[in-house]
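Colleague: I would like a close look at the aromatic side chains here, and at what sits around them.

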Amino acid sequence: MNKDSLLYPLRNTHNTERDSAVWNWAQNSVVGERNQLKQPQNEAELQQLLRDSQGKVRVIGSRLSPGRMLCVNAEDLLLDLSAFNGIVAQDAESITFAAGTPLQQVFDTLTEQDRMLACSPGVIAVQTLAGAMATGTHGQGLAQSSLADEALRIRMVLADGSVREFLRGEADFPAAQTSLGALGIVTAITLRTQPFRLFTCHKFAVSADSLEQDLPAWNQQFELSKAWWFVDDNLMHVWNANPADESDVQAWYANQRDVIEHGDDTDSSLNDTIDQTLAQMHRDTQIHGKGGKQFRTVSRFRDFTDISGDIYQLFCRGIAVPQINVEIGVPLDKTPHIISKIKAWYAENHPHMHYPIILRCTGASDAWLSPAHQQPTCFLVLWCITRMTVRCHRMVCTSLPKWKNCWRRKADGRTGANITTLSVIAGARFIRSGMRSARFGNSSIRSAVLAMTMSPLCLINFTGRSHVCLGNAAHAA
């Protein structure tokens, strides 16, 4: 097996429904064997499975994580919690969902009730609710943070089969918010909700010359801001959104609650850049012609226009095909420095970046394992096809002084970061025993997790937008 197949495993294109192996969503890595998979129908059955099993436990959610990172052994138990689905309870200001409920179902349910979450959604909604929380899924906007920060109560079955409910305000609640599946099996989550709102998203293209100053300004001026940096062309494509005015609200309802496009004229200022980017993607992937779902993510930037709609319509747009993403969270106040370093690196190396760097900023998170813990954070998303993206990732990491020593030459000759060390152990201010069960966690996370804070790096992501789970396949695995 060569180096590229380890870094970028090829997709299995065959139908795997009757395969003896359980594949991840991308079908490029085996999660485990089908005879290891159990599907409890209720909490009592789940408790009994945990009492009877001897190995470690992993939860199969949307299978977004690569199997090789989950370290599933032959004696381990794989759990399918798809039966844990739907509304459990609700009141005027909160709603409780079973942990295996897909995010799309959560969003649709809230929208039907003219309610919404205070947090912005991520790009995809195929994750389960518990998996998205456990892996730190987030959107954009400094006035909010991750999905986990909207939790009020988290119900969990522990390794011995007992049940624990973590309540907001309790000292260890932040450990359960983003737990990587290392604490137990989440069965239900109560989320706070707020009245439904609509947004108008203003789209434009602008030079990246002053990105160091522009990015913080956009995020201060708009409730929601997301930007794509086409480094090759020194251009930005920016989406800035604020609450819609009354005329846009009325137009949205008159349009059967569908997205409103503003103006007859579209902006074609990015079209040449899109053509160049697509040409490079064709060369990198060796896929020629106009076909290929993977090119939709770029081609949608053609002929853009302002739009109005609900927060899920505007920002939860999905991804066309499985892809490898690396997402890095850095403190917002360090982001201008990082941007300058990327510019200098690009000027020196002159690589071609076949896909733009995505920039999303969030407010501080309460969750101990969130990269945004106690500080506003900018997340830089790199879409991986070539080694150049990995080099850019390394350059960003080593731009922060305390992380320079985390990179090292690995035994097989590849330069890279030890993912567990970077995202979990090195990100911890201290680790205290007594909470995490070894049955659910990665063996490298030592004895327990109870107050990991202030990590400037997020977890390495191979799925879309949610972070990789190193523990129990995170209901997101």
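Over the face of which ring does Arg164 lie, and at what distance from the ring centre?

Modeller: This is a predicted model, in which local features need pLDDT of at least 70 and side-chain atom pairs count only at pLDDT 80 or more, whereas totals for chains, interfaces and linings use all residues. Residues are numbered from 1 along each chain as its sequence is written, and side-chain values use heavy atoms, with hydrogens and water left out.

Arg164 lies over the face of Phe166, at 4.0 Å from the ring centre; a charge sits over a ring if NZ of Lys or CZ of Arg is within 6 Å of the ring centre and within 35 degrees of the ring normal. The charged end of Lys203 is likewise placed over a ring, that of Trp239, 4.2 Å from its centre.

Turning to rings that pair with each other, the structure holds six aromatic pairs (rings of Phe, Tyr and Trp, the last by its six-membered ring, with centres within 6.5 Å; planes under 30 degrees apart count as stacked, over 60 as edge-to-face and the rest as tilted). The pair of Phe107 and Tyr312 is stacked, because the ring centres are 4.2 Å apart and the planes stand at 15 degrees. Since Phe107 lies in helix α4 (residues 103–112) and Tyr312 in helix α11 (residues 311–315), this pair ties together parts that are 205 residues apart in sequence; helices here are DSSP runs of H or I with at least four residues, numbered from the N terminus. Phe107 and Tyr312 are both buried, that is, under 20% relative accessible area with a 1.4 Å probe and protein chains only. Elsewhere, Phe196, Trp252 and Tyr253 are linked by ring pairs into a cluster.

Key: Helices (H or I, at least four residues) and strands (E, at least two) are DSSP runs, numbered from the N terminus. Buried means under 20% relative accessible area, exposed over 50%, partly exposed in between (1.4 Å probe, protein chains only).
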